[in-house]
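Me: Could you take a close look at the empty spaces in this model, and at the residues that surround them? I would like one connected account rather than a list.

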Amino acid sequence: MAENTELKGTGQFSKWGFLFAAMGMAIGTGNIWRFPRVVAANGGGAFILVLFFALFLWAIPLICMEGVLGKTSRMGCIGAFKELVGRKYTWMGWFFGLCCFLITCYYGVVLGWCIRYLLFAFQGVLVAGVDTEALWTNFLGNADQGMYFYWAAIAMCAFVVGLGVQNGIEKGNKIFIPGIFVLLAFLAIRAAMLPGATEGLKFLFHINTADLLKPKVWLEAFTQAAWSTGAGWGLFLTYFVYTKKDEDILLNACTTCFADTSAALLAGMAVIPTVFALAPDPSAALASGNNGLAFINLTRLFANLPGGTIMAVAFFGALILAALSSEIAMIELGVRMLQDMGKSRKSALFIVTFVVLAIGTFAARDNVVFENMDWTWGVGLLLSGLLASLAAMIVGVDKIWDEYISPVSDIQAKWMWSLIRLFPLWFVLIFGWWVQQSLSWYPGEWWKIFPIAKYNYAPAPMFLQWAILIGLGFALNNWLADNMKHKFEPKV
């Protein structure tokens, strides 16, 4: 059993502080640049309707399990699986935590990009006639510049985490989250004033019932729920370590999911009407990928719009706040796991920051590395979700409800939690779909790994990296279980 040792310098969330931090963890760049693109490609209103189903079927049960793991064990990902699920399942917590930690290493690269483009806006670079494609290509091709902005991004996040849970993460998110909603609301209102924006809003919210029968709409909606809400990332687990003893798991899971979706809808109302009003070919702009939409097409529209600099500042400001609040949570995930091993918070933060910079610098300097990490560990989150659902079944779905969720919940809806029993089915469908897509991209060559620049999105490199991480988890299982023994002890 772990020792009840409260390590100094950590702090504890207040109720409102935890809510803001949980929202900050969930609301990331995927809400602002991925959601508008995916909703536009999958039927608009039909996709939104299916997304709400996905919240109940995928995200809310999974986040509840994370809450149970964190609150019950008062330890990070590895220690939580050991304490609640059992010593022999420590390896599951290893994959669960390390998958997200590896995302930490490259997610900061995106934050660095957003900082660079905010400075472009302030410097007057984004003006009519600017070649935004060349601007993006030149920036992406400048390895040193990308690295320096990445370092600055990680330094910002480490500074906030270094201030502690209450003085840093909580206070920071009380600024970040209102800031995100204010900036997105401003962009949505400004977009609605543009000539032709009404067509974009109609496109966003119109429900074509035929789209509800398309499997791809459901698959994309479930994928959005998985990646956008933070379900299965281990971040909700980490934050719940620092909550009060009577914190409501189910209510917070629901609130976080709906706040996350609200931010995505606001982003959709800002981006899609702007594209419909200003882009010569709205479909092409929305289909240009996350980077193409944010850094080329929207940037071009802002540059050629009177007063567009203000919109650019608001857009990249919102992206920075969203990325910052999520990256802070990811760094805290790593810090918490090291604290579970008895490291001081200061030492844990130093080690995590050093490792993140060491690994992430490769992604900051080489977009091939970035894309491979994004594919491998982004899809890996689906496997993390599966592990959490299996953990719930090992412990006992009814037991978890009766002992850990129901006693402190204002929402007595057991069915919402019990849907976690269906999670393996959703995993097979969603994961199978992504693998099938990957196979189709490399017909007859799916098993090849090198050159990695060519086989970046092939299944083989992804499976190989997962196998290495899982193999290490099995090999280190007992050592990890022996060393994860320092719990956070809540005061109230």
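Reply: What follows goes through the pockets, then the cavities, and then some side chains in the helices that take part in the linings.

This is a predicted model, and every value below is computed from its atoms. Rolling a probe the size of a water molecule over the atoms shows where empty space is left.

The largest pocket has a volume of about 1,200 Å³. It is lined by 48 residues, and those closest to its centre are R34, R37, W227, N290 and D374. Several helices give two or more residues to this lining, among them helix 1, helix 2 (29-41), helix 5, helix 10 (215-228) and helix 17 (367-395). The most comes from helix 2, which gives 9 residues. By class, the lining of the largest pocket divides into 26 nonpolar, 16 polar and 6 charged residues.

The second largest pocket holds about 270 Å³ of space. Of the 15 residues that line this pocket, W94, L98, G334, M337 and L338 are the closest to its centre. At least two residues of the lining are supplied by each of helix 5, helix 15 (308-339), helix 16 and helix 21 (459-483). The lining of the second largest pocket has 14 nonpolar residues and 1 polar residue, with no charged residues.

Turning to enclosed space, the model has 3 cavities of 30 Å³ or more, and the largest cavity has a volume of about 60 Å³. Its lining is made up of W113, F139, L140, G146, A363, A364, R365, D366 and N367. Helix 6 (132-141) and helix 16 (345-365) are the elements that give two or more residues to this lining, and helix 16 gives the most, with 3 residues. In the lining of the largest cavity, 5 residues are nonpolar, 2 are polar and 2 are charged.

One of the residues that line the largest cavity, W113, also belongs to an aromatic pair. The ring centres of W113 and W136 are 5.1 Å apart and their planes stand at 90°, so the pair is edge-to-face, the cut-off for that class being over 60 degrees. This pair links distant parts of the chain, with W113 in helix 5 (residues 90-122) and W136 in helix 6, 23 residues apart. Both W113 and W136 are buried. Elsewhere, R116 lies over the face of F120, at 4.0 Å from the ring centre.

The structure holds 48 aromatic pairs. Another edge-to-face pair is formed by F18 and F236, with 5.7 Å from centre to centre and 65° between the planes. Here too distant parts of the chain are linked, since F18 is in helix 1 (residues 15-26) and F236 is in helix 11 (residues 235-240), 218 residues apart. F18 and F236 are both buried. Helix 1 is also one of the elements that give two or more residues to the lining of the largest pocket.

A last residue to look at is E170, which is placed in helix 8 (residues 165-192). E170 has a relative accessible area of 4%, and because buried means under 20%, this residue counts as buried. Leaving out residues up to four places away in sequence, E170 touches Q12, F13, S14, G17 and V165.

Conventions
Residues numbered from 1 in each chain as written. Predicted model: local features only at pLDDT ≥ 70, side-chain atom pairs only at ≥ 80, totals over all residues. Heavy atoms only, no water. 1 Å grid on protein atoms, 1.4 Å probe; cavity = no way out; pocket = protein on both sides within 12 Å on 5 of 7 lines; lining within 4 Å. Points joined across faces, edges and corners; volume = space filled by probe spheres on them. Helix = DSSP H or I, 4+ residues; strand = E, 2+ residues; numbered from the N terminus. Nonpolar A, V, L, I, M, F, W, Y, C, P; charged D, E, K, R; others polar. Buried < 20%, exposed > 50% of the residue type's maximum accessible area, 1.4 Å probe, protein only. Contact = heavy atoms within 4.5 Å. Phe/Tyr/Trp six-rings, centres within 6.5 Å; stacked < 30°, edge-to-face > 60°. Lys NZ or Arg CZ within 6 Å of the ring centre and 35° of its normal.
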